[in-house]
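Thanks for coming, everyone. I have one structure to walk through today. Please take a look at it before I start.

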Amino acid sequence: MSCPRTRFIRESIDAATRLIDLAETGEVGVEDEGCAVLSGVLRDCAFTIKKRAELEREINRSLGTWEYKPGEVRTNETNTQAPDRGRAS
């Protein structure tokens, strides 16, 4: 059974990656300043989401609550202290 927390984090990373791709697609041949601004906002938000989701993934891995997929590389197994959940910058 899939862990809801793990699934949520994975889907957040996937969504952020899709937003980054969309922002890049939106920049191709942009002649409209408004669309260029929208593309930049989309990209900024996507990177913020992705960075936070990756932090949460590392925290869950450190706590041993991350549900690994078969063949997924395991990280932080020797780290016994979870990263700080402070504001992701």
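I'll go from the whole chain to its helices, and then to a few single residues.

Keep in mind that this is a predicted model. The chain has 89 residues, and 25% of them are buried. Its secondary structure is simple to list: two helices and zero strands. The accessible surface comes to about 6400 Å². Carbon and sulfur atoms supply 56% of that surface.

Now contacts along the sequence. Take the contacts with a separation of 6 or more. Of those, 64% link residues that sit 24 or more positions apart.

On to helix H1. H1 runs over residues 4-27. That makes 24 residues. From first C-alpha to last, H1 reaches 35 Å, close to the 34 Å expected. Just after H1 comes Gly29, with a positive phi of about 65°.

Which residues of H1 are buried? They are Thr6, Ile9, Arg10, Ser12, Ile13, Ala16, Ile20 and Ala23. And what do they pack against? The answer is helix H2, residues 33-63.

Let me pick one residue from that list, Ser12. Why does Ser12 count as buried? Its relative accessible area is 17%, and buried means under 20%. Set aside its neighbours within four places in sequence, and Ser12 is in contact with Ile49 and Ala53. Both numbers fall within the 33-63 range of H2.

Now cross over to H2 and look at Arg43, which lies in that helix. Is Arg43 buried or exposed? Arg43 is buried, because its relative accessible area is 19% and the cut-off is under 20%. Which residues does Arg43 touch, leaving aside neighbours within four places in sequence? Ala23, Glu24 and Glu27. Ala23 is also one of the buried residues of H1.

Last topic, the cysteines. How many disulfides does the model have? The count comes to zero. Here are two cysteines to look at. Cys3 has a relative accessible area of 17%, so Cys3 is buried. Cys35 has 40% relative accessibility, so Cys35 counts as partly exposed.

To recap. There are two helices and zero strands. The buried residues of H1 pack against H2. Ser12 contacts Ile49 and Ala53, while Arg43 contacts Ala23, Glu24 and Glu27. The disulfide count is zero.

Definitions and conventions
Residues numbered from 1 in each chain as written. Predicted model: local features only at pLDDT ≥ 70, side-chain atom pairs only at ≥ 80, totals over all residues. Heavy atoms only, no water. Helix = DSSP H or I, 4+ residues; strand = E, 2+ residues; numbered from the N terminus. Buried < 20%, exposed > 50% of the residue type's maximum accessible area, 1.4 Å probe, protein only. Contact = heavy atoms within 4.5 Å. Areas by Shrake-Rupley, 256 points an atom, 1.4 Å probe, with all protein chains shown as cover. Expected span 1.5 Å × (residues − 1). Disulfide = S-S within 2.5 Å.
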